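Please open the structure in your viewer and keep the selection tool at hand. The tour proceeds in short stops, each beginning with a selection to make.

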Amino acid sequence: MFERNKIDNSLQQTTVPAEITFASGDVRKGKFVINASRSIYDVLNGEAHFLDFESYEGDRSLIAKTTLSAIRIVSLPSSSGLMARVRNAEAFDPHAVLGVASAATWDEVRQAYLKLSKTYHPDLFTGVSLPAEVRDYLAAMARRINAAYHALEAPQKVMKRAEVEKARPVFTSPQRT
(Lines give C-alpha, C1' and ligand atoms only; values in the text may rest on other atoms or scores of the structure.)
Protein backbone atom coordinates (compact mmCIF):
# COMPACT_ATOMS: atom_id res chain seq x y z
CA MET A 1 0.00 0.00 0.00
CA PHE A 2 1.25 3.50 -0.82
CA GLU A 3 1.52 6.24 1.73
CA ARG A 4 0.38 9.54 0.29
CA ASN A 5 2.43 11.77 2.58
CA LYS A 6 5.68 9.91 2.16
CA ILE A 7 8.07 11.12 -0.54
CA ASP A 8 10.46 8.63 -2.07
CA ASN A 9 13.78 10.41 -2.66
CA SER A 10 15.49 7.31 -4.02
CA LEU A 11 14.69 8.30 -7.62
CA GLN A 12 15.41 12.01 -7.23
CA GLN A 13 18.89 13.19 -8.06
CA THR A 14 20.91 16.23 -7.11
CA THR A 15 24.26 17.54 -8.23
CA VAL A 16 27.35 18.55 -6.28
CA PRO A 17 29.85 20.84 -8.04
CA ALA A 18 33.43 19.58 -7.90
CA GLU A 19 36.85 19.68 -9.48
CA ILE A 20 38.51 16.30 -9.92
CA THR A 21 42.15 15.51 -10.59
CA PHE A 22 43.01 12.22 -12.23
CA ALA A 23 46.11 10.16 -11.45
CA SER A 24 47.39 11.17 -14.90
CA GLY A 25 47.30 14.86 -13.85
CA ASP A 26 44.25 15.83 -15.93
CA VAL A 27 41.75 18.12 -14.20
CA ARG A 28 38.02 18.23 -14.96
CA LYS A 29 35.41 20.58 -13.60
CA GLY A 30 31.80 19.56 -13.33
CA LYS A 31 29.37 18.02 -10.92
CA PHE A 32 28.69 14.68 -9.33
CA VAL A 33 25.19 13.32 -9.87
CA ILE A 34 24.02 11.63 -6.69
CA ASN A 35 20.86 10.38 -5.04
CA ALA A 36 19.03 13.19 -3.25
CA SER A 37 18.77 11.04 -0.13
CA ARG A 38 22.58 10.63 0.20
CA SER A 39 25.40 13.07 0.86
CA ILE A 40 28.41 13.39 -1.40
CA TYR A 41 30.65 11.98 1.32
CA ASP A 42 28.50 8.85 1.57
CA VAL A 43 28.83 8.37 -2.19
CA LEU A 44 32.60 8.95 -2.23
CA ASN A 45 33.23 6.60 0.70
CA GLY A 46 30.63 4.03 -0.37
CA GLU A 47 31.04 0.57 -1.87
CA ALA A 48 30.49 1.65 -5.48
CA HIS A 49 33.56 1.54 -7.73
CA PHE A 50 32.34 4.22 -10.15
CA LEU A 51 31.14 7.81 -9.70
CA ASP A 52 28.55 9.50 -11.91
CA PHE A 53 30.16 12.75 -13.10
CA GLU A 54 28.87 15.38 -15.53
CA SER A 55 31.41 17.87 -16.84
CA TYR A 56 30.45 21.48 -17.51
CA GLU A 57 30.90 20.77 -21.22
CA GLY A 58 27.85 18.51 -20.94
CA ASP A 59 29.25 14.98 -21.23
CA ARG A 60 28.19 12.59 -18.49
CA SER A 61 30.32 9.59 -17.61
CA LEU A 62 31.05 7.02 -14.96
CA ILE A 63 34.54 7.50 -13.53
CA ALA A 64 36.41 4.77 -11.68
CA LYS A 65 37.47 5.80 -8.18
CA THR A 66 40.86 4.17 -8.75
CA THR A 67 41.71 6.70 -11.51
CA LEU A 68 41.25 9.71 -9.21
CA SER A 69 43.98 11.33 -7.17
CA ALA A 70 42.05 14.31 -5.72
CA ILE A 71 38.52 15.65 -5.48
CA ARG A 72 37.79 19.21 -4.47
CA ILE A 73 34.17 19.99 -3.61
CA VAL A 74 33.45 23.47 -4.90
CA SER A 75 31.41 25.43 -2.41
CA LEU A 76 28.87 27.89 -3.69
CA PRO A 77 28.70 31.38 -2.24
CA SER A 78 26.29 31.72 0.63
CA SER A 79 22.97 33.39 -0.03
CA SER A 80 23.97 36.35 2.10
CA GLY A 81 26.89 37.00 -0.25
CA LEU A 82 24.73 36.71 -3.33
CA MET A 83 21.93 38.82 -1.95
CA ALA A 84 24.08 41.60 -0.42
CA ARG A 85 24.08 43.59 -3.65
CA VAL A 86 20.36 43.12 -4.15
CA ARG A 87 19.48 44.22 -0.60
CA ASN A 88 21.24 47.54 -1.03
CA ALA A 89 17.99 49.29 -2.04
CA GLU A 90 18.94 52.80 -0.93
CA ALA A 91 21.72 52.86 -3.55
CA PHE A 92 19.34 51.88 -6.35
CA ASP A 93 20.54 53.54 -9.53
CA PRO A 94 18.59 52.36 -12.58
CA HIS A 95 21.41 53.31 -14.94
CA ALA A 96 23.95 51.33 -12.93
CA VAL A 97 21.64 48.29 -12.76
CA LEU A 98 21.26 48.28 -16.54
CA GLY A 99 24.94 49.09 -17.06
CA VAL A 100 24.44 52.26 -19.10
CA ALA A 101 25.68 55.81 -18.65
CA SER A 102 23.29 58.34 -17.15
CA ALA A 103 23.37 60.26 -20.44
CA ALA A 104 22.47 57.16 -22.49
CA THR A 105 19.82 57.42 -25.16
CA TRP A 106 16.52 55.62 -24.83
CA ASP A 107 17.58 53.07 -27.47
CA GLU A 108 20.75 52.23 -25.49
CA VAL A 109 18.70 51.81 -22.31
CA ARG A 110 16.24 49.55 -24.11
CA GLN A 111 19.01 47.42 -25.68
CA ALA A 112 20.72 47.00 -22.28
CA TYR A 113 17.38 46.02 -20.71
CA LEU A 114 16.66 43.44 -23.41
CA LYS A 115 20.13 41.93 -23.09
CA LEU A 116 19.96 41.67 -19.28
CA SER A 117 16.37 40.44 -19.20
CA LYS A 118 17.29 37.64 -21.63
CA THR A 119 20.24 36.72 -19.40
CA TYR A 120 18.33 36.65 -16.10
CA HIS A 121 14.87 35.56 -17.29
CA PRO A 122 13.53 32.86 -14.91
CA ASP A 123 12.37 30.61 -17.76
CA LEU A 124 15.99 30.05 -18.82
CA PHE A 125 16.72 28.14 -15.61
CA THR A 126 13.62 25.99 -15.24
CA GLY A 127 15.31 22.83 -16.54
CA VAL A 128 18.53 23.33 -14.55
CA SER A 129 18.95 22.12 -10.99
CA LEU A 130 20.33 25.13 -9.13
CA PRO A 131 20.70 25.70 -5.41
CA ALA A 132 17.93 27.73 -3.80
CA GLU A 133 20.30 30.65 -3.12
CA VAL A 134 21.18 30.95 -6.79
CA ARG A 135 17.52 30.74 -7.86
CA ASP A 136 16.63 33.48 -5.35
CA TYR A 137 19.49 35.63 -6.60
CA LEU A 138 18.48 35.23 -10.25
CA ALA A 139 14.85 36.04 -9.46
CA ALA A 140 15.89 39.12 -7.45
CA MET A 141 18.12 40.29 -10.29
CA ALA A 142 15.26 39.88 -12.79
CA ARG A 143 12.99 41.95 -10.52
CA ARG A 144 15.73 44.56 -10.11
CA ILE A 145 16.31 44.82 -13.87
CA ASN A 146 12.57 45.22 -14.48
CA ALA A 147 12.31 47.89 -11.77
CA ALA A 148 15.25 49.81 -13.26
CA TYR A 149 13.73 49.71 -16.73
CA HIS A 150 10.33 50.84 -15.49
CA ALA A 151 11.94 53.66 -13.50
CA LEU A 152 13.64 54.91 -16.67
CA GLU A 153 10.59 54.24 -18.82
CA ALA A 154 8.22 56.40 -16.73
CA PRO A 155 9.61 59.75 -17.96
CA GLN A 156 9.49 58.43 -21.54
CA LYS A 157 5.79 57.63 -21.15
CA VAL A 158 5.11 61.10 -19.71
CA MET A 159 6.90 62.72 -22.68
CA LYS A 160 4.89 60.62 -25.16
CA ARG A 161 1.61 61.54 -23.47
CA ALA A 162 2.60 65.21 -23.54
CA GLU A 163 3.36 64.99 -27.28
CA VAL A 164 -0.02 63.39 -27.94
CA GLU A 165 -1.77 66.08 -25.93
CA LYS A 166 0.14 68.81 -27.81
CA ALA A 167 -0.88 67.36 -31.15
CA ARG A 168 -4.53 67.19 -30.18
CA PRO A 169 -6.47 70.27 -31.27
CA VAL A 170 -7.50 72.62 -28.48
CA PHE A 171 -10.87 73.43 -29.99
CA THR A 172 -12.79 71.96 -32.85
CA SER A 173 -15.81 73.63 -34.34
CA PRO A 174 -18.90 71.60 -35.05
CA GLN A 175 -19.49 70.35 -38.56
CA ARG A 176 -21.33 72.77 -40.83
CA THR A 177 -24.30 71.44 -42.63
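**A pocket, a strand and its charged partners**

The residues that line the second largest pocket divide into eight nonpolar, three polar and three charged. Please bear in mind that the model is a predicted one.

**Stop 1: the pocket**

The second largest pocket has a volume of about 190 Å³. Select Val33, Ile34, Asn35, Arg38 and Val43: of the 14 lining residues, these are the closest to the centre of the pocket. Next, colour β2 (27-35), α1 (40-44) and β3 (50-55), the elements that each give two or more residues to this lining. Which element gives the most to the lining? It is β2, with four residues.

**Stop 2: from β2 to β1**

Keep β2 in view and add strand β1, residues 13-22. The two strands run antiparallel and are joined by nine bridges. To see one pairing in detail, select Ala18 together with Gly30, its bridge partner in β2. Then move to the turn: β1 and β2 form a hairpin with four residues between them. Within that turn, select Gly25, which has a positive phi of about 100 degrees.

**Stop 3: from β1 to β5**

Now select strand β5, residues 68-73. This strand also pairs with β1 in the antiparallel sense, over five bridges. Show Phe22 and Leu68 of β5, which stand opposite each other. In a regular strand the side chains alternate between the two faces of the sheet.

**Stop 4: the salt bridges**

Side chains of opposite charge can pair when their charged atoms come close. How many salt bridges does a search of the whole structure find? The search finds five.

Begin with Glu19 and Arg72, whose side chains meet in a salt bridge at 3.3 Å, N to O. This pair links distant parts of the chain, since Glu19 lies in strand β1 and Arg72 in strand β5, 53 residues apart. Is Glu19 buried or exposed? Glu19 is buried, because its relative accessible area of 18% is under the 20% limit. Arg72, in contrast, counts as partly exposed at 47%.

Next, select Asp52 and Arg60, which form a salt bridge at 2.6 Å, N to O. Arg60 is partly exposed, with a relative accessible area of 45%.

Finally, select Glu165 and Arg168, where the salt bridge spans 3.0 Å, N to O. Glu165 is partly exposed at 47% relative accessibility, and Arg168 is partly exposed at 46%. To close the tour, return to Glu19 and Arg72 and add Lys29: salt bridges that share partners join these three residues into one network.

Notes: Residues numbered from 1 in each chain as written. Predicted model: local features only at pLDDT ≥ 70, side-chain atom pairs only at ≥ 80, totals over all residues. Heavy atoms only, no water. 1 Å grid on protein atoms, 1.4 Å probe; cavity = no way out; pocket = protein on both sides within 12 Å on 5 of 7 lines; lining within 4 Å. Points joined across faces, edges and corners; volume = space filled by probe spheres on them. Nonpolar A, V, L, I, M, F, W, Y, C, P; charged D, E, K, R; others polar. Pairing = 2+ DSSP bridges. Salt bridge = Lys/Arg side-chain N within 4 Å of Asp/Glu carboxyl O. Buried < 20%, exposed > 50% of the residue type's maximum accessible area, 1.4 Å probe, protein only.
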